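Subject: Structure handover

Hi,

Here is the structure I promised to pass on. Please load it first, then read the notes underneath.

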Amino acid sequence: MRISKKICLLGDESVGKSSISTRFADDQFSDKYKATIGVKLFQKVINTNKDDEVNLIVWDIQGGKELISSPQQYYRGAHGLIFVCDISNNESIENINYYYSIVKKKYPTAKKILLLNKSDLTEYSSSAQHAAQKYKDMFDNIINTSAKTGLGVVEAFKLLAQEFMT
Ligand SMILES: Nc1nc2c(ncn2[C@@H]2O[C@H](COP(=O)(O)OP(=O)(O)O)[C@@H](O)[C@H]2O)c(=O)[nH]1
Ligand SMILES: [Mg+2]
């Protein structure tokens, strides 16, 4: 069986949403920052077991609070929400509360995971631990990722795909 699921990425500008999407879909990474304008779609099929696969359609949405003044047009119909923060940027960690608050009422049944991105910056690992502790009751999974090294990225999407099968 193959099912298709819409996944949306949420989080501040520069936390690594586009890099995570690119690492996931194309297994590539760039150090250059290129702001996302509007929305970009990525797609990849994940095998959850030998008979089942999930086609993940990833909506990489421009970050920043001001842009998503009308978020419903992007998030409508989302089956999974991937929240992303940058462990070297405390404000991006605090702002997870904000992104959670704008979607939690509208999408109570959507699977929600939190990515603690830029985990290759090991000097910030205590910030990552604090964030994991702070948000542990809000998410189905919290995962340390690095779009730069690839750590945790494919695993995160696989966990999400697996959640759709349960
Ligand atoms: N060290 C490190 N840098 C990253 C990582 N992910 C993204 N970046 C860098 O952070 C900047 C912003 O990334 P981008 O994906 O455009 O963020 P977005 O605005 O959330 O889409 C870029 O310069 C990336 O190269 C990561 O895991 N580790
Ligand atoms: Mg982007």
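Below is what I found, starting with the sheet and ending with the ligand.

**The sheet.** Keep in mind that this is a predicted model. Six strands make up an open sheet, and they run in the order β2-β3-β1-β4-β5-β6. The pairing is mixed. Which strands stand at the edges? They are β2 (39-47) and β6 (141-144). Each has a single partner strand, so one side of each lacks a neighbour in the sheet. On average, neighbouring strands are turned by 25° against each other, direction ignored.

**Strand β4.** This one covers residues 80-86. In the sheet order, β4 sits between β1 and β5. Its pairing with β1 (residues 2-10) is parallel and runs over 4 bridges. Two bridge partners to look up: Ile7 goes with Gly80 of β4, and Leu9 goes with Ile82 of β4. The pairing of β4 with β5 (residues 111-117) is also parallel, over 7 bridges. There, Ile82 stands opposite Ile113 of β5. So Ile82 turns up in both pairings, given its partners Leu9 and Ile113.

How many residues of β4 are buried? The count is 7 of 7. Both faces of the strand are covered. One side carries Gly80, Ile82, Val84 and Asp86. The other side carries Leu81, Phe83 and Cys85. Note that Asp86 is on the list of buried residues.

**Helix α6.** This helix spans residues 153-165. Does its length come out as expected or not? At 1.5 Å a residue, its 13 residues should span 18 Å. The end C-alpha atoms are 19 Å apart, which agrees. The buried residues of α6 are Val153, Ala156, Phe157, Leu160 and Ala161. They cover an arc of only 135° around the axis, which means that they lie on the same side of α6.

**Ligand 1.** There are 19 residues around ligand 1. Which of them come nearest? Gly16, Lys17, Ser18, Ser19 and Lys148 do. Helix α1 (residues 17-26) gives the most to this shell, with 3 residues. By class, the shell has 9 polar, 6 charged and 4 nonpolar residues.

For a quick look, I would display three things: the nearest residues around ligand 1, among them Lys17 and Lys148; strand β4 with its two covered faces; and the buried side of α6, including Phe157 and Leu160.

Best wishes

Notes: Residues numbered from 1 in each chain as written. Chains lettered and ligands numbered in written order. Predicted model: local features only at pLDDT ≥ 70, side-chain atom pairs only at ≥ 80, totals over all residues. Near = placed C-beta within 6 Å. Nonpolar A, V, L, I, M, F, W, Y, C, P; charged D, E, K, R; others polar. Buried ≥ 20, exposed ≤ 12 C-beta atoms within 10 Å, placed from the backbone. Pairing = 2+ DSSP bridges. Expected span 1.5 Å × (residues − 1). Arc of directions from axis to C-beta. Axes fitted to C-alpha atoms, helices over the stretch in contact; angles between N-to-C directions.
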